[in-house]
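Subject: Structure handover

Hello,

Here is the structure I promised to pass on. Please open it and keep it beside this email as you read.

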Amino acid sequence: MAQAKAKAAAHKTVKKKSVKKKAVAKAPAVIAVDPAWPKLAPAGLVDPATEAKITDIMSKMTLEEKVGQTIQADIAYIKPEDLKTYPLGSILAGGNSAPGGNERATPDQWLKLADDYWRAALDRPTKAPIPLLFGIDAVHGHSNLVGATIFPHNVGLGATHDPDLIEKIGAATAAEMAAAGVDWTFAPTVAVARDKRWGRSYESYSENPADVAAYAGRMVDGLQGEGGGANGIKPGHIMSTAKHFLGDGGTKDGKDQGDAEMSEADLARIHGAGYPPAIEAGALSVMISFSSWNGQKMAGNKRLITGALKQRMHFDGFTITDWDAHRQLESCAKDDCPEAMNAGVDMFMAPDSWKPMYENTLADVKAGAIPMSRLDDAVRRILRAKIKGGLFTLGAPLDRPLSGKWDQLGSPEHRALARQAVRESLVLIKNENHTLPLDPGARILVTGSGANDIGKQSGGWTITWQGTGNSRADFPNGETIYEGIAEAVKQAGGVATLSDNGFYKEKPDVAVVVIGEDPYAEFQGDRTNLDYQTGDRSDLEMIHKLKSAGIKVVTVFLSGRPLWTNPEINASDAFVEAWLPGTEGGGIADVIVGDLNKQPRYDFKGKLTFSWPKTANQGPLNIGTVGYDPLFPYGYGLTYADIGDVPQLSEDSGLRNEAVVNVDTYFAAGRVKAPWQSAVMDAQGVTMISGASVESASGNVTQTTVDADKQESGRSVVFKGNGIGAVAIFGSPVDLSRQTTGKMALAVTYRLDSAVSGPVMLTMGKDEKTYTSLDIGPELKAPVGQWTTLKVKLDCYQAAGLDVSQVGVPFSLATTTPLSISYSEIKLASDEGDAVCPAK
């Protein structure tokens, strides 16, 4: 408290005034770091003309304007008119932010949004007009925009082993972003994913640092244009960001935002591998990670940010935190963190706290908590990037010659490039008796959850943050895997039939089963093991059903990492790892469907850059480490010339305690997921649910099976209204703290079978005595008979008093009034979209 008062008093004693001093920051003292960090020569970002221009601009800036350059706000929390008052240097459109909150806004709306903010930032009385910098997560194409080309995620691009292709993809992404008036992408990710349980593994090119080093600089060249950092970025290219500095791919147990426990030499050798080539290519920004190194959060690590990155590797661009990453420093608050800037952070990503962050940072400088020399250095670096990025010459987005050129968006050239990337990323794991290529004249059944779903084949960071909730209409320039196969066989007189669940009217010659991970992004994709379908192998059941009918099965697997799929590989005649291919599903058909002579049209080229596990709990598993013993090693990948038989694989996953592996899925595919149990309750007691139908002790509650997306995949619950009645799922308490801070929600897919007549309480808690209930009655708005999903934010339960670290009842639905309702899925999901916060 005394410190706070002293700080406040110091703020009052400093008068606000323009800073007229020569704006040259004092160079910080050289910081000793491990010699394992490479000592790089300057990349050409600093030149006399640019520095003179920066000095001139800074001589005219007020202190307020300097501080404003170091703050970035999210468009969901700042309006264009705010920039007429607050001189912020940057805005971003985060994972779920979009024009008017509409993630499916038109390209013209995106362009107008960029223009509105740009003009507002310059419509403010000043002696130093500085353009606004607009950043976005275009990590596999301009993936926020409906109609854009969505390229394979990095996990797939790494498997191509083609740096030239990666540079071309960077250039195509830049062209589509430039058309929308966006100047900056938070890419490339140069993490080296060493524990594939990490939910961002698919953003990594490889477990091998040499691969990441080979691709990082080429992607920067593609995005910025070769030499763009040194010579200035030309129209049609954009600024890049190397991220996340540092060690995000090496955290203990693969935990997002976790701790990388290792020596500084290993940190530099493995996880620093992508930064030297990115810096040498002229990357203008580096994003600082949420993660820690040996217990210290990166946003406060001066030795690494200032010492290793800026001094030793001579990075002359600017650094920016990840989303509110500074708040995780012990000495910091969400809206006040001098420690991070003093460590070398140049710009704070303060999406929703930008206003107090600006005010407190200004106060920190006035009070001396942030030296003026450090602020001047940060501003100089930001202005350098803006000048080199072309912002001072481009003009407002709507006035740029390339803006609004929507023929760039999903252009035939870009789609062809994406299709090539899909073809060359496919890894052939098994091809028993040369099942592939498929005869184009055959009867082909295409089935599985990913067969006709571009959202699933694209993965996270696609239109929405987690990549969920997307439909076919969101990809007007794309092609599903089924559509690609159907097109490939049409010319040969074959027939491709789509089936969601393996059913068919006429027996096919072969079935292509497309299965894999549902979309996810950072944090929410973290896993405790690498088992594909723990405890419920519904996809395997479908494969077995087709095989038992004498049908050959080709499994196409969609995933952001290698997963333990031994049973699925054993059951399949051929098994293809397709990663997360993006919008060009036809690239898969190019390789697996033959020509009229039943010969390959394209061969398999993809080779694993991530080792494939023998068991679900084997890991971390990386090439070059002691005891390396994968099922399929780094570099594995069959071609059509190879013998494709794979010996029978062990189907022992290595897992013993399923309670460890399932904290977020409670009911799916017609069953309660282990280790959870369910029961119905009324005033007379608890009745465990063990079969298809159950009735509570007094008969007040009944539950029976009901068809939802599949036969008997849902449950129908009838509350008679004779006092309290409930249906619940429960088990041993689990810790949902990270899920809560990760912005997750309890998602219930339901159907009203009668109108709501009173309060309906959705409960979470530790047990039957300690719980928190929220009334979702007003939120059950779907018409009677229509399936929909309700999401209730976990942080709403926490705010209402729930201890999210002890949740033994993740779901309970209770009412005292008559109600008929069905449910088909209960799980944790991203709170993006229309998640609600009901009254207690």
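This is a predicted model. So I begin with confidence, then turn to the backbone and the salt bridges.

**Confidence**

The protein chain has an average pLDDT of 93. At least 70 is the score of 96% of the residues. Where is confidence lowest, and where is it highest, in the protein chain? The low point is helix 1, residues 2–13, with a mean of 36. The high point is strand 17, residues 574–579, at 99.

Look at the start of the chain with care. Across residues 1–25, pLDDT stays under 50. The model still has 32 contacts beyond four places in sequence for that stretch. Where pLDDT is low, predicted coordinates should not be read in detail.

**Backbone**

A rule of thumb helps here. Most peptide bonds are trans, and most residues other than glycine have a negative phi. Now for some exceptions.

Which form does the peptide bond from Leu 436 to Pro 437 take, cis or trans? That bond is cis, and its omega is near 5°. Pro 437 sits in the loop between strand 12 (427–431) and strand 13 (443–447).

The peptide bond from Ala 674 to Pro 675 is also cis. Omega is near 5° there. To find Pro 675, go to the loop between strand 19 (671–672) and strand 20 (677–682).

Next, phi. His 434 is not a glycine, yet its phi is positive, at about 55°. This residue is in the loop between strand 12 and strand 13, where Pro 437 is found as well. Is His 434 buried, partly exposed or exposed? Its relative accessibility is 48%, so His 434 counts as partly exposed.

Lys 598 is not a glycine either, and has a positive phi of about 65°. Look for Lys 598 in the loop between helix 21 (586–592) and strand 18 (665–668).

**Salt bridges**

How many salt bridges does a search of the whole structure find? The search finds 51. Here are a few to look up.

Start with Glu 51 and Arg 380. Their side chains form a salt bridge, with 2.9 Å from N to O. This pair links distant parts of the chain, 329 residues apart. Glu 51 belongs to helix 2 (residues 48–60). Arg 380 belongs to helix 14 (residues 372–388). Are these two buried or exposed? Glu 51 has 13% relative accessibility, so it counts as buried. Arg 380 has a relative accessible area of 9%, so it is buried too.

Then try Glu 203 and Arg 200. In this salt bridge the closest N and O atoms are 2.7 Å apart. Glu 203 is buried because its relative accessible area is 2%. Arg 200 is at 3% relative accessibility, so it counts as buried.

The salt bridge of Glu 432 with Lys 430 has its closest N and O atoms 4.0 Å apart. Why is Glu 432 called partly exposed? Because its relative accessible area is 22%, and buried means under 20%. Lys 430 has 5% relative accessibility, so it counts as buried.

Last, look for a network. Salt bridges link Lys 310, Asp 346, Arg 374, Asp 377 and Arg 381.

Best wishes

Note on methods: Residues are numbered from 1 along each chain as its sequence is written. This is a predicted model: local features need pLDDT of at least 70, side-chain atom pairs count only at pLDDT 80 or more; totals for chains, interfaces and linings use all residues. Side-chain values use heavy atoms; hydrogens and water are left out. Helices (H or I, at least four residues) and strands (E, at least two) are DSSP runs, numbered from the N terminus. Buried means under 20% relative accessible area, exposed over 50%, partly exposed in between (1.4 Å probe, protein chains only). pLDDT is the predictor's confidence in each residue, from 0 to 100. Contact means heavy atoms within 4.5 Å.
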